[in-house]
Amino acid sequence: MKLGFRAHDFGKFNTASELARCASSYLESPCLHFAPSKVFRDAVSPLTEKWCENITEDLSLCNVKIAVLGVYINPMHPDAEIRESQLSAFENGLEVAHCMGNPVVATETGSLDARNIRCEENFTEKNFSIFLKNIERLLKKAEKNNAVMCLEAVADKNTVDTPEKMLRVMETFNSPYLGVLFDAVNILPVSSVTDFHDYYNSALDMLAKYIKVMHIKDFVMVPSSKEYPFASGEVKNGAIPAGEGLMDWKTLFKLYHRYGLDNVPMTLENFNPATLSESIKYVREAFENAQKP
């Protein structure tokens, strides 16, 4: 199991050596979902090759590797100037990925609402077509730099909000430089589902061959959420440490095993450092039990 962490859940650090010592104190040879500006108090912007090389070298001293370079952008931002700045930032990530051990460079798929929340225009064919044009631009940069970019779907919120839409994106480009960051909680409908097995079996049947990395976290149902003001009834709160919510991770890991995803890097998100050891134990046991006949 290639297990690791979303680095900024630990907080902010002054140096990569501090981050490396912290991450490796919980796991031997962990991988990271690494978003520089969220991890370091003095991260450079734009990223430079020299800075990335130094960070990677310092992490490697504790056998820590970067699996995902997280470049948090809204590729559909309604302000053209801001959108251009964010697309350029993602291109910068693609340019320097080779200096960080060739992690995938990942983002969510954005919203026409500047707050990056749901608006109905997100789900129109017109918006989807514009999104594809933006991805085509980024993909050209990925191909030029021999880098892999990944997209993450967020249900009931972003431009790509379902497994079916993500499959459309993958089939549109059919490129080895484009893949999926699969977050089982984020791709789950805000009202949840009645059958985890059927829902995720269908999603993975569509997307498994494109998945390059995965997130691991959990969710609970709450009466309301600022992220989903449109929803009626209970809604998903997907910011829960793994093992502390409703996600049936044993079923998910069985499906990951069935679809050949056991060796895909998986990073824990929304964890609490105070209970992280328990989360790791839970995830490992669920993963190992899922592999048994």
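Leaving aside its neighbours within four places in sequence, which residues is W51 in contact with? In this predicted model, W51 is in contact with F34, P36, F40, A43 and V44. One of those partners, F34, belongs to strand β2 (residues 31-34), and that strand is a good way into the rest of the fold: a closed barrel of eight strands with parallel pairing.

**Around W51**
- W51 is found in helix α3, which spans residues 49-60.
- Is W51 buried or exposed? The cut-off for buried is under 20% relative accessible area, so W51, at 15% relative accessibility, counts as buried.
- For a sense of distance, the C-alpha atoms of W51 and N158 are separated by 32 Å, and the two residues are 107 places apart along the chain.

**Strand β2 and its partners**
- Both faces of β2 are covered, with C31 and H33 buried on one side and L32 and F34 buried on the other.
- As a general reminder, side chains in a regular strand alternate between the two faces of the sheet.
- On one flank, β2 pairs with strand β1 (residues 3-6) in the parallel sense over three bridges, and R6 has H33 as its bridge partner in β2.
- To get from β1 to β2, the chain passes through helix α1 (residues 16-24), making a right-handed β-α-β crossover.
- β2 also pairs with strand β3 (residues 65-70), again in the parallel sense, over four bridges; here F34 stands opposite L69.

**The barrel**
- The strand order of the closed barrel is β1-β2-β3-β4-β5-β6-β7-β10.
- Neighbouring strands of this sheet are turned by 30° against each other on average, direction ignored.
- β3 runs parallel to strand β4 (residues 104-108), and three bridges join them; L69 has V105 as its bridge partner in β4.
- Helix α6 (residues 163-173) packs on the sheet, where it touches β5 (149-152) and β6. The direction of α6 makes about 165° with that of β6.

**Helix α8**
- Which residues are buried in helix α8 (residues 249-258)? They are W249, T251, L252, F253, L255 and Y256.
- Worth keeping in mind for any α-helix: there are 3.6 residues a turn, so residues three or four places apart point the same way.
- The cover over the buried residues of α8 includes strands β6 (178-183), β7 (211-216), β8 (218-222) and β10 (266-268), along with helices α7 (196-207) and α9 (276-290).
- After α8 comes G260, which has a positive phi near 70°.

Notes
Residues are numbered from 1 along each chain as its sequence is written. This is a predicted model: local features need pLDDT of at least 70, side-chain atom pairs count only at pLDDT 80 or more; totals for chains, interfaces and linings use all residues. Side-chain values use heavy atoms; hydrogens and water are left out. Buried means under 20% relative accessible area, exposed over 50%, partly exposed in between (1.4 Å probe, protein chains only). Helices (H or I, at least four residues) and strands (E, at least two) are DSSP runs, numbered from the N terminus. Contact means heavy atoms within 4.5 Å. Two strands pair if DSSP finds at least two bridges between them. A crossover is right-handed if, with the strands pointing away from the viewer, the path from the first strand over the helix to the second runs clockwise. Axes are lines fitted to C-alpha atoms, for helices over the stretch in contact, and angles run from 0 to 180 degrees between N-to-C directions.
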